[in-house]
Amino acid sequence: MAGTSSGVVAGLTAAAVGVVGFLAYQASATVPPGLGGRSAASPAPGAPATKAPRDHRHPRALPNSSGTGERVVYSVDDDRVWLVNERGRVERTFKVNPGTVDPATGAYWVTSRSKAITGTDGLPIEHVVRFTTTKDGSAIGFSAVTAQRAAAPPDPTVKTGGIRETRPDGNAMWNFATIGVKVIVIR
């Protein structure tokens, strides 16, 4: 009887390991690029990024060459964000105040969100939408300051990747940019 039970246990264990391996493979195959722990930035390190073409008559217009489908487009040079739906239509655009650390240009995906936390500058922030981390560990993402000092420029001595929005714009970002939504960073 002892030999039979150990054979059954060994068989069940082997089957369970096989099922877990198969499910792990399936899960890894369905993770959007960029959510796997490494940055999903597309440019080569040190490669200069060219500025996406702009319509100078309509500065709020979505820049050409800013991707396709549902996405958040962030222009580092213009300090502007566009929320673009799956049909390629701009749902909202607004100015932002960048932190002291800019993300590299390229394609990213929203990797984490926090409803309300304290920012690296010590200010209370809400609707935090993160999409990458720098080599030195600074998180880069969008957020809205809830304190009175919201309009103050960031302290240049503090490394902060917080791209600050107004509270109404932060609310719109929070509702739009869920986990896995594409973020395109352009010059």
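Which residues does Val72 touch, not counting residues up to four places away in sequence? Good morning. I shall answer that question with the structure shown above, which is a predicted model.

Val72 touches Val81, Trp82 and Leu83. Val72 also touches Phe142, Met173, Phe176 and Ala177. The list is completed by Val181, Lys182, Val183 and Ile184.

Let us now place Val72 in its surroundings. The largest nonpolar core has 23 residues, and Val72 is among those with the most contacts inside it, together with Val81, Phe142 and Met173. Several elements each supply at least two residues of this core: strand S1 (71-75), strand S2 (80-84), S6, S7, helix H2 (167-176) and strand S9 (182-186). The most comes from H2, which gives four residues. Apart from this core lies another, of seven residues, and Val73, Trp82, Ala107 and Ile186 are among them.

I turn next to empty space. Rolling a probe the size of a water molecule over the atoms shows where such space is left. The second largest pocket has a volume of about 230 Å³. Its lining is made up of 19 residues, and Thr120, Ile125, Arg130, Ala139 and Gly162 lie nearest its centre. Two or more lining residues come from each of strand S5 (112-118), strand S6 (124-133), strand S7 (139-145) and strand S8 (161-165). The largest share, five residues, belongs to S7.

What kinds of residue form the lining of this second largest pocket? Six are nonpolar, 10 are polar and three are charged.

To close, please note S6 and S7. Both supply residues to the largest nonpolar core, and both give residues to the lining of the second largest pocket. Thank you.

Terms used:
Residues numbered from 1 in each chain as written. Predicted model: local features only at pLDDT ≥ 70, side-chain atom pairs only at ≥ 80, totals over all residues. Heavy atoms only, no water. 1 Å grid on protein atoms, 1.4 Å probe; cavity = no way out; pocket = protein on both sides within 12 Å on 5 of 7 lines; lining within 4 Å. Points joined across faces, edges and corners; volume = space filled by probe spheres on them. Nonpolar A, V, L, I, M, F, W, Y, C, P; charged D, E, K, R; others polar. Core = buried A, V, L, I, M, F, W, Y, C linked by side-chain atoms within 4.5 Å. Buried < 20%, exposed > 50% of the residue type's maximum accessible area, 1.4 Å probe, protein only. Contact = heavy atoms within 4.5 Å.
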